[in-house]
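Colleague: Please put the model up, and then I will ask about its core, sheet and helix packing.

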Amino acid sequence: MASIAKRAKEFAVRHALRGVLRMLPYISDETLLAYAESRLNTIRYPEGRTFMEHLLLQGKRALSEACPACRNKGAANFFVNSLLSGWDRRQAFAKREGFYPPYFFVISPTMRCNLACFGCYAGEYGPGDELSHDVVRRILTEARDIGIFFLTISGGEPFVWPHLLDIVTEFNDIYFQLYTNGTLLDEALIDKLARLGNVLPCISVEGFEAETDSRRGRGAFRRVTEAMRQLREAGVIFGFSATATRQNNDLLVSDEFLRYYSDLGCFIGWYFSYVPVGRGPDLELMPTPEQREHRRARLEEVRYRYPMVLADFWNDGPLIGSCIAGGSSYFHVNAKGDCEPCVFVHFAVDSIKEKSLTEVLRSRFFRDVCRAQPYHRNLLRPCMVIDNPWVLRTLVTRHQARPTHPGAEDVLTDLAAFLDDYARRWAAIADRSWYRDYAQGREQAAKEKVVAAQAEGTRPAVRA
């Protein structure tokens, strides 16, 4: 009887959702935020609440502008599957295991790529490493069973993997974010994505034409910006992914850059900092601590000025409460099946080919990573690779985690002195910012920021 009641409840919600989708363009922002207030109140950090409010408002706008399939799947997979079906399953998992499963994880089914960009964190994995269709199908089935309805697919280049479209078609109740170089997104593929509705491509850019082509090859910028125009015309929700280096760090947070990609139609923008892992690590490419602080402060200044959701993988610790690796909120399955705490932590104890998803999540390595979080009370120092490298060394040694590709161990040996010095220099800057901007009066400061942004007419931002 309980199962029948549950299915009836989900059917009723789905039916109601169809009506909500028809009315979505006419629902006021205030009504939407009032409806979500109980969920928003569970967020511990005021900055995180403000960010989620912005995400909801931009999500409403993006869904209103999307094609029917993307609008329906985006709403159904996030609101019904993640918050209803997913929540019940997550609760059952927590009751059984003693901890909650992550909200999502990253899977890289292949490391093959049609490009060879310097500094790619995936560049040192063997090109022959690849997960089979059956293995990925089993992983996603297990993920769905424990309440995970959001997956990120990376690589390599996801569109090189021959089973990709079959997987996203079969698992059409899961929402997929794809990190892609964008050069394979032609008209036929974009039309397919518009009909599927459950794929959000995030396209890699380095800036404008000079910066993008210098890393990704001549003509790459022209191809990916044309793909973005076609995605917007087709009503597919998409975003950009940008790797900050010492050369382009300031450009990536400039008004010129943000206005350009906002006008192209990006819904989300992901910022990643170059770190010395992957293909031929070059220490001179890594942004200096001063540049990192500039990027952090600049994103804080402009985050709500543009009709995009902007997120910085290293600098947004205050929004989410520090590191999310090791299964606390996410982890990475690479193309060999190795289960890494993070896409930038190339060490593993378990293989998804040998263990179930639940067995991997309950492994001592992952649980120890979660117990160690936050690694520092200053949430601007969240990372165990570049902010607290001694934590990574301790965890890898304690659990005898193996490097997942040749050279991965360099962060523990040859690069240890550099990373320790970087962490020390960043700490001096981050501690000043933390105690000035976050530690004292965090909630009041967040409220004042929202009021100021509203007074300036910059939040919520809407695209002309």
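The questions below go through these topics in turn.

Modeller: This is a predicted model, in which local features need pLDDT of at least 70 and side-chain atom pairs count only at pLDDT 80 or more, while totals for chains, interfaces and linings use all residues. Residues are numbered from 1 along each chain as its sequence is written, and side-chain values use heavy atoms, without hydrogens and water.

Colleague: Which helix gives the largest share of the largest nonpolar core?

Modeller: A nonpolar core is a set of buried Ala, Val, Leu, Ile, Met, Phe, Trp, Tyr and Cys residues joined through side-chain atoms within 4.5 Å; buried means under 20% relative accessible area, exposed over 50%, and partly exposed in between (1.4 Å probe, protein chains only). The largest has 127 residues, and Phe-105 and Tyr-261 are among those with the most contacts inside it. Helices (H or I, at least four residues) and strands (E, at least two) are DSSP runs, numbered from the N terminus. The largest share, six residues, comes from helix H17.

Colleague: Which are the edge strands of the open sheet?

Modeller: Strands pair if DSSP finds at least two bridges between them. The nine strands are ordered S7-S6-S5-S4-S3-S2-S1-S8-S9, with mixed pairing. Pairing on one side only marks the edge strands, S7 (309-312) and S9 (339-340).

Colleague: In S4, which residue is the bridge partner of Tyr-179?

Modeller: Strand S3 (residues 175-180) runs parallel to strand S4 (residues 199-205), and five bridges join them. The partner of Tyr-179 in S4 is Cys-202.

Colleague: Is H16 parallel or oblique to H17?

Modeller: Axes are lines fitted to C-alpha atoms, for helices over the stretch in contact (heavy atoms within 4.5 Å), and angles run from 0 to 180 degrees between N-to-C directions. H16 (residues 389-399) and H17 pack at about 135°, their axes 9 Å apart. Angles under 35 degrees count as roughly parallel, over 145 as roughly antiparallel, 65 to 115 as roughly perpendicular and the rest as oblique. H16 is therefore, relative to H17, oblique.

Colleague: How many residues of H15 are buried?

Modeller: Among the buried residues of H15 are Phe-365, Arg-367 and Asp-368. Their cover includes S9, strand S10 (347-348), helix H14 (357-361) and H16. Of the eight residues in H15 (residues 364-371), the number buried is six.

Colleague: What is the relative accessible area of Arg-305?

Modeller: Arg-305 sits in the loop between helix H12 (289-302) and S7. Arg-305 counts as partly exposed because its relative accessible area is 35%.
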